[in-house]
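Biologist: Could we go through this model together? I would like to begin with strand pairing.

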Amino acid sequence: MSAHKTPTDSDPAAGRVSVTVTEKGPYLVYGRPPFCEQFIMPDPDNESWYFQEGRHFSTEAEPTALCRCGASQRKPYCDGAHVRADWDPQLTASRRPLLDGADKTEGATLTMTDNPQYCVFARFCHPFSGAWTLTELSSDPEARRLAVREASMCPSARLTAWDKASGTPYEFRFEPSLGLIEDPAVGASGGLWIRGGIPMRRENGEFFELRNRVVVCRCGQSANKPYCDGTHAAVKWRDGLQGDPVGETLPEEVY
Ligand code: FES
């Protein structure tokens with residue numbers, strides 16, 4: 001991982017992969033990105049610590065329609081259930097860039113931005129007294145390393161750590177790819193993780209903010225659609241897909 005660019009000017013995924021959020025139905029995925037389960041795995045204290053890959057799914061259909069309402073019997077794919085499902089498909093998320101509404105925590109060597117509206121309850125910010133305290137203690141190299149790690153593991157970019165001297169953010173370099181978040185510790189399935197600067201647009205052509213880390217709702221119950229707002233954990237939504245985690249997928253680290 002390295003400090004580079006800003007979370008909002010990530011490279012468009014090779015100009016090839018894209019996601020269209022339909023107004024009343026599925027996500028339409030173009031460009032055949034890699035797509036697999038991503039399990040939130042714990043440290044010895046049972047705190048969220050890393051992601052582990054599960055089964056891979058095809059995105060060969062062009063486009064591939066992925067369930068957004070949570071009711072499909074063919075998840076992760078759409079089977080048309082959104083037409084009859086009891087859900088509100090409205091895309092209500094603010095158009096403001098994520099950083100516009102972000103709080104700042106300051107430490108000696110780091111700043112951490114935090115926009116709680118984008119919390120998906122993945123809890124990578126909890127270990128070792130938490131990302132906020134670690135940022136405040138960032139004059140200590142170990143606290144700094146942990147603060148950067150915890151902020152960067154946040155799948156939705158609610159949290160981002162910035163190097164104070166250079167003003168650059170820390171971001172993992174993700175290949176353009178999709179993940180189905182699974183959270184065995186809370187017994188729930190999470191959102192669709194859209195990684196690596198994949199452009200996302202509405203059917204009318206309007207683009208959402210381009211970011212390296214985005215999580216959109218697939219349970220149908222978020223109040224901040226298309227983004228996930230953590231409701232899946234509160235209601236213990238399950239997609240019924242959970243396979244066995246098969247391989248660690250920590251992205252490239254450079255500590
Ligand atoms: S998947 Fe997180 S709120 Fe729907």
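Modeller: Certainly. This is a predicted model. In it, S3 and S6 pair in the antiparallel sense over three bridges.

Biologist: Which residue is the bridge partner of Leu-28 in S6?

Modeller: Ala-65 is the partner of Leu-28 there.

Biologist: What is the order of the strands in the open sheet?

Modeller: The order is S6-S3-S2-S13, four strands with mixed pairing. Strand S6 (64-66) and strand S13 (200-202) are the edge strands, each pairing on one side only. From one strand to the next, the twist averages 25°.

Biologist: And the loop between S2 and S3: is Glu-23 there buried, partly exposed or exposed?

Modeller: Glu-23, which lies in that loop, counts as partly exposed because its relative accessibility is 28%.

Biologist: What is Glu-23 in contact with, leaving aside neighbours within four places in sequence?

Modeller: Its contacts are Arg-68, Pro-89, Leu-91, Arg-202 and Glu-203. Of the pair Glu-23 and Leu-91, the C-alpha atoms are 7.2 Å apart in space, although 68 residues separate them in sequence.

Biologist: Turning to the interior, how many residues has the largest nonpolar core?

Modeller: That core has 28 residues, and Leu-192, Ile-194 and Met-200 have the most contacts inside it. Two or more residues each come from strand S2 (18-21), strand S3 (27-30), strand S11 (177-183), strand S12 (188-195) and strand S14 (213-216). Another core, of 14 residues, lies apart from it and includes Cys-125, Ala-131, Leu-134 and Ala-147.

Biologist: What does Met-200 touch, not counting residues up to four places away in sequence?

Modeller: Met-200 touches Val-19, Val-21, Ile-194, Glu-206, Phe-207, Phe-208, Val-214, Val-216, Pro-226 and Tyr-227.

Biologist: A different spot now. Where is Asn-46, and is it buried or exposed?

Modeller: Asn-46 is in the loop between strand S4 (35-42) and strand S5 (48-56). With a relative accessibility of 58%, Asn-46 counts as exposed, because the cut-off for that class is over 50%. Its C-alpha atom and that of Ala-185 are separated by 8.0 Å, with the two positions 139 residues apart along the chain.

Biologist: Finally, what pLDDT does the protein chain average?

Modeller: The average is 91, and 89% of the residues score at least 70. Over residues 2-10, however, the pLDDT is below 50, and that stretch has 31 contacts in the model beyond near neighbours in sequence.

Biologist: How should I treat such a stretch?

Modeller: Predicted coordinates should not be read in detail where pLDDT is low.

Note on methods: Residues are numbered from 1 along each chain as its sequence is written. This is a predicted model: local features need pLDDT of at least 70, side-chain atom pairs count only at pLDDT 80 or more; totals for chains, interfaces and linings use all residues. Side-chain values use heavy atoms; hydrogens and water are left out. Buried means under 20% relative accessible area, exposed over 50%, partly exposed in between (1.4 Å probe, protein chains only). pLDDT is the predictor's confidence in each residue, from 0 to 100. Contact means heavy atoms within 4.5 Å. A nonpolar core is a set of buried Ala, Val, Leu, Ile, Met, Phe, Trp, Tyr and Cys residues joined through side-chain atoms within 4.5 Å. Two strands pair if DSSP finds at least two bridges between them. Axes are lines fitted to C-alpha atoms, for helices over the stretch in contact, and angles run from 0 to 180 degrees between N-to-C directions.
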